[in-house]
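Ready to work through a structure by hand? Grab the viewer, try each task yourself, and then check the steps below it.

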Amino acid sequence: MKSLLCFALLLLAGLPIYAQDFSFAGITHEEIELKNTVIDSNANAIVLREFGTASMEQSPGDGRLVIAYRYHVRLKIFNKQGYEQANISIPQRIYNDVPDQLSELKAVTINYTEGQFKQSQLDPKKVFNEKVSKYTANTKFTLPNIMDGSIIEYSYTLHIPYIFNFKSWNFQADIPKLHSQYIASIPALYNYNVVLRGVLKLKDTKAELSKECLRINGTQIDCSKMTYTMENIPAFIEEEHMTAPTNFISAIYFELSDYAMLSGGKVNVTKTWKNVDNELTSDRSFGAQMKKKDAFKELMPEILKNTTDDLSKAQAIYNYIAKNIKSNGYIGIYSETAVKKALESHSGNTGDINLALISAFSAADLDAEALILSTRNNGELNKLFPVISNFNYVVVKLNIGEKSYLLDASVPLLPFGMLPLHCMNGQGRVINLKKPSYWYDISSGQKDYIRYNLTATLAKDGKIKGQLVTYSTGYSAFQKRKGIESAGTIAEYVEKLDEKMPKISITNHEISNVDSVNLPLVEKYELLIDSYDGDGLAQIFFNPFFIDRILKNPFNLSERTYPVDLGTASERRVTIILNVPEDYTMSDQPKDMSIGLPDNGGRYLTSTNFSDHTISFSQFLQLNKPIYDPSEYFSLKEFYSQIIQNQKTDIILKKAK
Amino acid sequence: MNKLLLLLLMLLTGISSFSQSSYSVDKIPASLKINANSVIRDMETTVEMKGIDQVLISVKKVVTVWNKNGDARAELALHYDKSTSIQRIKGQMLNAFGVLTYKFSQSDFSDESAVSNGSLYVDYRLKYYVPRVFSYPYTIVYEYELRNKQNLILPDWYPNPHPDQSVESNKYVFITKPEDEIRIKENNYPGKAEVLRTEKTKSYTWQLSNQSAMKKEPFAPDPDDYKTSIKIAAKQFSYYGYKGSYQNWEALGKWVYDDLIKNRQQLPESTIQEVKAMVSGINDDREKAKKIYEYVQKKTRYISVQIGIGGFQPMPAAEVQQLAYGDCKALVNYTQTLLKSVGIPSLYCVVNAGSARKDIDLDFASMDQGNHIILAVPLKTDTVWLECTSSESPFGFLGDFTEDRTVFACTPDGGKILRTPKLTTEMNLQRRKASLNIDTLGNITGSLKTIYSGAQYDHDNNLIDLPVSDQLKRLKSSYDIDHISFSDFKISQDKSDTPSTSAAFSFDIQKYAARNQQLFYLELNLFNKSSVVPEVKNRTLKVYINRGYTDEDELTYLLPKDFKLEALPKNKHINSAFGSYSATILLEGRTLIYKRKMILKDGTYPAEQYQDFSTFINDINAADHSRVIYKL
């Protein structure tokens, strides 16, 4: 008897790892009864259980190693808003024309009506395979007979031919989950770095040794079996002014760090920055492209004509590259077509363009390094160990004397030393051909700044005539230049501007430095403003905040979970000098204000003065940080609220009796 | 040897540059550069209908692009599916002098699925090309050939589709066999088609030359009102193995019913019994139809799958019964079948849906004019119209998606043109009442109730059935006032014959009346400010207002005790051809009643009146910002 029991236990231990999966369509009474009051009463649907395993297998066909991923989920739909959860799309990647292989797909809807369970199976003929593009395919289906309270369940297996990124697992989704469990079974030959993202905590992690789980060419290999469990997971909700959701969604990621070969010896895939430095600097599509001095040797004398010092040389080279190699729309840290070819065809990806810039700088004996980064959409970087596939963009760090400039020649209209907004994502890693790499803070290089100066005269009939001059730098100037470019001509740009302002007409204009991107963009407008109707009124109301007015509070949420990421610091200044008719005096004015955000986060000042029939008004708004903590959200909200309050009030002029 | 090769290369490039230089940009007339981001230099589309299941389409297209805004016009996207194959594509990029920069071919095109967000699956795909651009201006040359295995849908010709694109020359040639019968619709075509007969063919040629670009104008009418187009339909046709013939709506409707719908209307006996039981005891057909419509709404959901003939043919009714989902065709056919089982006839109607109304062309029958199906139920006294894809729509209510336009009904007696009922300016009503108390600090507490009807009925539909926290979040974006907070949000819908939605909430707004030294500024129109329209100069197109509406707001303020009035805005009345506006203020003691009424009439107005229109709207905008100023 005893020995029999022992045998049974052994059998259990020998069962494949998906033994812990829950039974398909084995619905419990609690699940039928479950209402959307657990976790989140706002939920339209909820995942009841979710179970996944990933392990390595030898492909029966060609004997190559593949990742076998099994997924099984049961979810409950509470109401109509949740019906879309019954439309399922299983994405598959395609590597070199080999797609992930989907098999063993089954799906069912279970309804409990009039005291009876009714199952509606998915008809295999209603499963659609959609080849989305060269790189992705989707298997899509929808479940039949969906009604309020339906439980749906499906499972499938994917064989993934690419083992470098072990299948990641998202604990968090757009609906809440009661229970989510993932078992990764990794052969001892392979060593992965494991990263848990997001703020939620795992309920349980278990690591076990699973003996002889894989057999390769007759050799038995042990696996470490990792079990990750999370429970009562709230839905992920995106908020405004936020970088990539993948930065915040609770998930687990694996990246191959090294593997042992059966013949002995170890191959480091990604381990230390030293390795990465070596690999990158010797890579044909990276380091080698930073050394293409020869490509520029003959061009240099022409490019550097009229330059004097290092800075002017650098600017000339930057302008040359920006003008001569246009972005083909693709980004990446590697050169796609090689610097020489990009130069010939005048087209390349970010890698081609910015690595060409480095080569050109070194041809002129300037000290330039590559700064690789992850764009705002791509998510935050892992600083603990190098995960090279997380970097998706490269820019140039140019060092002249003590000063460093960050440059991106792939985005037109940027001034020298300014990076586009999509690069503003914390730190990047500087890759130097000779020295070890290091982390470096990414800053936009130029403040987002606009200054408005209005000098005008108010006539008795209510017409204001005067000149408005604005100076813009940073992203504001960049945006305006893009606006002018897309309008076609300056005249059309101004015409559109004029059309948008019903009571203001632009009678004359002059915009300078449109092409000199390193200088502030200067706009001069002669304006005619209809401020009120009627002649000789006893009182005149004049709102000085009509320039750059803040109409809505950008921070109007009642709660905030994630940081507010504005990308860059900004500053706005308005000065108005307004001559008023001689028989009027100022009887009231907006409060002079001086308020600030905690921790020197920002300031807002206004002041109004009246003397010699002239109103002098000034307004100053400064936000000093690119990123504000969620805890600062309400200070920002209140700060803007006070500004809006003040901007509602007028200067009142009274006629002298 | 090397030198020889070089010489040969130079010669070759020399030759090619010579042959291409006819597309040098300096040959473009000055008049075609005004307002243009790109120019169609030379385009020729030849469609040869060799047989009902063999239509060859060959296109040559040469476009010059002046600047970045024109880049999209240099891209090419070609759809294909089981009945359309791409035979060949090639192209060239030329520089400003018309000299070849590079060539490309089919392998440079990306190939993608064309499934849009609204569909689960469709079987057509697209190949597209985005050229590499080095400098402006440039010229792109495409040559491609498609083969259609059907002739039910023949290519339309829109020679100047984009306002920012001028046309040097665009030509359309349609070739048939002499005995083929075709119908042609020439829309705003100046002149007549040139017809050429040979023994084996008959060809028609249309051409448009030297058309200038134009500025985009807001409130413009349907482009078909003023743009040139040619549409062609063949009498004998084939489509995914189905064959037929038609020359008018009657015959086309007959074919659709007989070949695509009729055999899709079977239901299991058990379902028929269930439906009969459901309506037993009800005598009135209208009530029966309502009961069945509500049954469909509860049971089904909208899922779109379009494969082959499935683009025109509904899923069988029995399958909808079994799966509880379907697209517009399937759900209309299913509802129609259910109605039929209790003896109520109804009509399967093809409509061009969208907020901008578009008629089915009375004079020209063709298969591709609609994009949606609705159901008409003719009763003794009137016709009830049903939108079968919505689980929320009131019985008999179409909304702005399909109201007031001609539709094409497919019936056993053939096709018929019907018209859906109009939602008028008076019906599209938003009526709001609010009471607001202002304290001595300028804080407001109050409550508001709005009733929406007509085309405004579904104004707040996206709030229904949402969790409370989401409702409050969305209210914040529709009533985006600083420091506003909401409570007690209630929404209910009256789904009777004149449906309306009623939405009510309480709110408070901290420091709404802004204080400045002594004075408080109170903007009276809190919730319904009209926006501005651009003041376009030199308007060329008629002014088109797609849908009229009426808004009535009544806000009753209780001002703080002991307030002293400093300034009160004047009452405002504006009358115009486009509608009317009035804003009146009545102050009695501490009670101030602000009433606003705005009527915008739908219709088409002459281009010269655009200035009046923008003045009308912009004056309203200014009046909507008027303020009361008081002291405490």
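**Exercise 1. Find out how strand β38 of chain B is held between its partners.**

Start with one pairing in this predicted model: strand β33 (residues 564-567) of chain B runs antiparallel to β38(B), and 3 bridges join the two. To pin that down on screen, look for Lys564(B), which stands opposite Lys631(B) of β38(B).

Next, pick up the other pairing. Strand β30 (residues 519-523) of chain B also pairs with β38(B) in the antiparallel sense, here over 5 bridges. Leu519(B) has Lys631(B) as its bridge partner in β38(B).

Finally, check the cover. Strand β38(B) spans residues 627-631, and 4 of its 5 residues are buried.

**Exercise 2. Work out whether strand β6 of chain A is covered or open, and describe its hairpin.**

Count the buried residues in β6(A) (residues 116-121). The tally is 0 of 6, so the strand lies largely in the open.

Now look for its partner: strand β5 (residues 101-113) of chain A pairs with β6(A) over 6 bridges, antiparallel. One pair to click on is Tyr112(A) and Phe117(A), which stand opposite each other.

Then step into the turn. The hairpin has 2 residues between the strands, and Glu114(A) takes a positive phi near 50° there.

**Exercise 3. Put the strands of the sheet containing β8 of chain A in order and spot its edges.**

Trace the sheet across: its 4 strands come in the order β4-β3-β8-β7 (chain A), the pairing is antiparallel, and the sheet is open. β4 (98-99) and β7 of chain A each have a single partner strand, so one side of each is left without a neighbour in the sheet.

Zoom in on the middle of that order. Strand β3 (residues 87-95) of chain A is joined to β8(A) by 7 bridges, and Arg93(A) faces Thr136(A) across that pairing.

**Exercise 4. Describe where chain A touches chain B.**

Begin with the head count: 42 residues of chain A and 41 residues of chain B take part in the contact. On the chain A side, the elements giving two or more residues are β7 (128-131), β8 (136-142), α10 (474-487), α11 (490-500) and α12 (633-647). Sort that side by class and you get 8 nonpolar, 19 polar and 15 charged residues.

**Exercise 5. Decide whether Thr606 of chain A is buried or exposed, and list what it touches.**

Find Thr606(A) in strand β33 (residues 602-611) of chain A. Count the C-beta atoms around it: there are 22 others within 10 Å, and 20 or more is enough to call a residue buried, so Thr606(A) is buried.

Now skip its neighbours within four places in sequence. The contacts left are Pro590(A), Asp592(A), Met593(A), Ser618(A), Gln619(A) and Asn646(A).

**Exercise 6. Say which elements helix α4 of chain B packs against.**

Measure up the helix: α4(B) (residues 285-299) has 15 residues and reaches 21 Å from first C-alpha to last, close to the 21 Å expected.

Pick out its buried residues, which are Lys288(B), Ala289(B), Lys290(B), Ile292(B), Tyr293(B), Val296(B) and Gln297(B). Follow their contacts and you land on α3 (269-279), α6 (328-341), β21 (372-378) and β22 (383-386) of chain B.

Notes: Residues numbered from 1 in each chain as written. Chains lettered and ligands numbered in written order. Predicted model: local features only at pLDDT ≥ 70, side-chain atom pairs only at ≥ 80, totals over all residues. Expected span 1.5 Å × (residues − 1). Buried ≥ 20, exposed ≤ 12 C-beta atoms within 10 Å, placed from the backbone. Contact = placed C-beta atoms within 7 Å. Nonpolar A, V, L, I, M, F, W, Y, C, P; charged D, E, K, R; others polar. Pairing = 2+ DSSP bridges.
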